[in-house]
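Please open the structure in your viewer and keep the selection tool at hand, since each stop of this tour asks you to pick out a few parts and look at how they meet.

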Amino acid sequence: MVEHISIIMFIAVCVVLMAGYPVAFSLAGTALIFALIGNFSGNFDMSFLYALPNRLYGIIDNTTLIAVPLFIFMGVMLEKSNLAENLLSSMSLLFSRLQGGLGISVVLVGMLLAASTGIVGATVVTLGLMSLPTMLKQGYSSSLAAGSICATGTLGQIIPPSIALVLLGDVLSSAYQQSQLALGIFAPKTVSVGDLFLGAVIPGLMLVAMYIIYLLIITHFRPHLAPRLPPREQSKVAVLQLLQGLLAPIVLIVAVLGSILAGIATPTEAAGVGAFGAALLALGSRRLSIDRLKEVAQTTTEVTSMVFLILVGAAVFSLVFRGFGGEALVEDLLSNIPGGLFGATFAVMVMIFFLGFILDFIEITYIVVPIIGPALLGMGLDPIWLGVMIAINLQTSFLTPPFGFALFYLRGVAPKTVKTKDIYQGVVPFIGIQLFLMILLCFWPSVATWLPSLKY
Amino acid sequence: MAYKLAHPFKLLALGIDHFTEWTGRIVAWLTLAMVALTCAIVLMRYFFETGSIALQEAVTYLHAAVFLAGAAFTLKRKGHVSVDIFYQNFNPRTQAVIEILGALFFLLPVCLLILIVSWDYVASSWAINEASREAGGLPWLYLLKTLLLLMPVTIMLQGLSEIIKNILFLLYSKMPASPQGEA
């Protein structure tokens, strides 16, 4: 019976979170209350909590995680200096002759933006602010515009170098080692953030390609959903300006990504250089002032503290969860699900999908993955495949009405003329595309695992 | 009349807000230093083929300072994520009650817990003037670990300020004007 307290605690946390107090404190606070009650009733040993400082120091000492603030800095810099906005206007000029050209530009720019910020909320808000008004003005249907913006915004999960993948890689690598040690393998294989990046490249690009194909098809058969610019305005393309707006940010992001994938630089090093490069780009286009720098530094500090405080909260939660014997319980539950590995993975994916309605990827990565990861990996699942699946799954969850995060973010910045119903309708085809990709990954896991396997 | 009685509390809350805002603004510059040092490390490694443990550890120190000392600043600017599906539709008084209860039952106890369990951990590090285990590493590991005490203390301070401000709001229906961020 005692083990079930851990499950009750998990449900209690989900309920408490609905009140709207910051996640990190709600998480740790609820766990602490359970621990205190457990201590008085003799079901919990408070000495478990003395492992906390060591855990917290582990977060400080983790060099992979240093990539997180640096990537945030790079994304905030690109966003605050309007480089992304320039990119969008050049790109849409480039595609102005194509049916649905603006929509395709939004997907491509969103992909680059997602790759640089890696935060769903930031990408959707930025993309929504800079492209939704333009799309509506050009006569795009509200639902098509809103749908493509939301879907593209969630690409930040999967397109490397995403922060989601950095954090997932960190958690999965320790889960992978733990599962192998449990099986008695004392020279365990490892999985790195770079491996996860490599694994996500093909699925991520496939997703972008499918978005574009969908836009091409729908605008071909229903041109009134996405009218072209009148020819008069098309002619205003200035080649030089276009190249300037397009080339620099693309080179930056490709260089950052390429150096990680080629194994030349660690994610942390690449992120540092990328952040510096973003500042140079802003300087080059005369958009860097002391005030702007201050703004970027302060926003970076806020977002970084936000991310890491959740790690702190999750550390408290997972210690208490373990103290109540929750890990053993989950392992037991998963191995008893009918259908073996497939059944267990399916159950976990469904659970993560629904948790995605109330929790952001950082919380899920640090609360759920350490609990289910060792069990699933111990049953023989590939860690890269699992990481990519979790990322796409969460991405789909963030897009699914009525609770998807991306929808809220867009609702927050969209004009009143765009009905919530339009947003919901617009995302449906994109959800279909993502589900299709997940099914594909189930039948051909090599879509994710092939590229990393070349490394060895 | 009655609002005047609350004056000392208001001053206390605003004083804490000022303190938090300024620590945050100072700490924020460290993110620039992180970027610069990381680039320096990369340059040294790929062009001069030398590495410096001390520089790498310096980035770790800066990183820790940013997210641990910046946590209270983020709290003040309401930058910590929450599930606001329902929260945003609550009326301001309900929101204030949630803020007070959250701070009392979650924020303060959790910070106290971190403070209590980390105390001996940090003290024993001071006792031996703990330095890096790596050759050529920085000798101030005990200072780095002390951040584990600084974080809960600064968050508790800011939490106290939030409690006072929300209680004043509930009592007098107005929120003391707090120094605003520039963002």
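Begin by selecting helix H1 (residues 4-17) of chain A together with helix H2 (residues 23-40) of chain A, and look along the place where they pass each other, for the crossing of H1(A) and H2(A) is right-handed. This is a predicted model, and in it the axes of H1(A) and H2(A) come within 10 Å and cross at roughly 145°. If you now show the side chains, you will find A:Ile5, A:Ile8, A:Met9, A:Ala12, A:Val13, A:Val16 and A:Leu17 on H1(A), which meet A:Val23, A:Ser26, A:Leu27, A:Thr30, A:Ala31 and A:Phe34 on H2(A). Sorted by class, the residues of this contact are eleven nonpolar, two polar and no charged.

Next, stay in chain A and select helix H4 (residues 67-80) and helix H9 (residues 163-182), whose axes come within 10 Å of each other and cross at roughly 175°. With such an angle, H4(A) is therefore roughly antiparallel to H9(A). The residues to colour here are A:Val68, A:Phe71 and A:Ile72 from H4(A), and A:Ile163, A:Val166 and A:Leu167 from H9(A), which together make the contact. Which classes of residue does the contact of H4(A) with H9(A) have? There are six nonpolar residues in it, with no polar and no charged ones.

For the third stop, select helix H8 (residues 142-153) and helix H20 (residues 420-443), again in chain A, which pack at an angle of about 60° with their axes 7 Å apart. H8(A) and H20(A) are therefore oblique to each other, and their crossing is right-handed. On the side of H8(A), look for A:Ser142, A:Ser143, A:Ala146, A:Gly147, A:Ser148, A:Cys150 and A:Ala151, and on the side of H20(A) for A:Asp422, A:Ile423, A:Gln425, A:Gly426, A:Val427 and A:Phe430, since these are the residues that meet. By class, this contact divides into six nonpolar, six polar and one charged.

Now show both chains, giving each its own colour, and turn to the place where they touch: 59 residues of chain A are in contact with 57 residues of chain B. The area buried between chain A and chain B is about 5,300 Å², and carbon and sulfur atoms give 78% of that area.

How many salt bridges are counted between chain A and chain B? The count is two, while the structure holds eleven over all chains. To see one that crosses between chains, select B:Arg45 in helix H2 (residues 7-47) of chain B and A:Glu269 in helix H13 (residues 267-284) of chain A. In the salt bridge of B:Arg45 with A:Glu269, the closest N and O atoms are 2.9 Å apart.

How values were computed: Residues are numbered from 1 along each chain as its sequence is written. Chains are lettered from A and ligands numbered from 1 in the order in which they are written. This is a predicted model: local features need pLDDT of at least 70, side-chain atom pairs count only at pLDDT 80 or more; totals for chains, interfaces and linings use all residues. Side-chain values use heavy atoms; hydrogens and water are left out. Axes are lines fitted to C-alpha atoms, for helices over the stretch in contact, and angles run from 0 to 180 degrees between N-to-C directions. Helices (H or I, at least four residues) and strands (E, at least two) are DSSP runs, numbered from the N terminus. Angles under 35 degrees count as roughly parallel, over 145 as roughly antiparallel, 65 to 115 as roughly perpendicular and the rest as oblique. A crossing is left-handed if the near helix is turned anticlockwise from the far one by less than a right angle, and right-handed if clockwise. Contact means heavy atoms within 4.5 Å. Ala, Val, Leu, Ile, Met, Phe, Trp, Tyr, Cys and Pro count as nonpolar, Asp, Glu, Lys and Arg as charged, and the others, Gly among them, as polar. Buried area is the accessible area (1.4 Å probe) that two parts lose on being put together, summed over both. A salt bridge is a side-chain nitrogen of Lys or Arg within 4 Å of a carboxyl oxygen of Asp or Glu.
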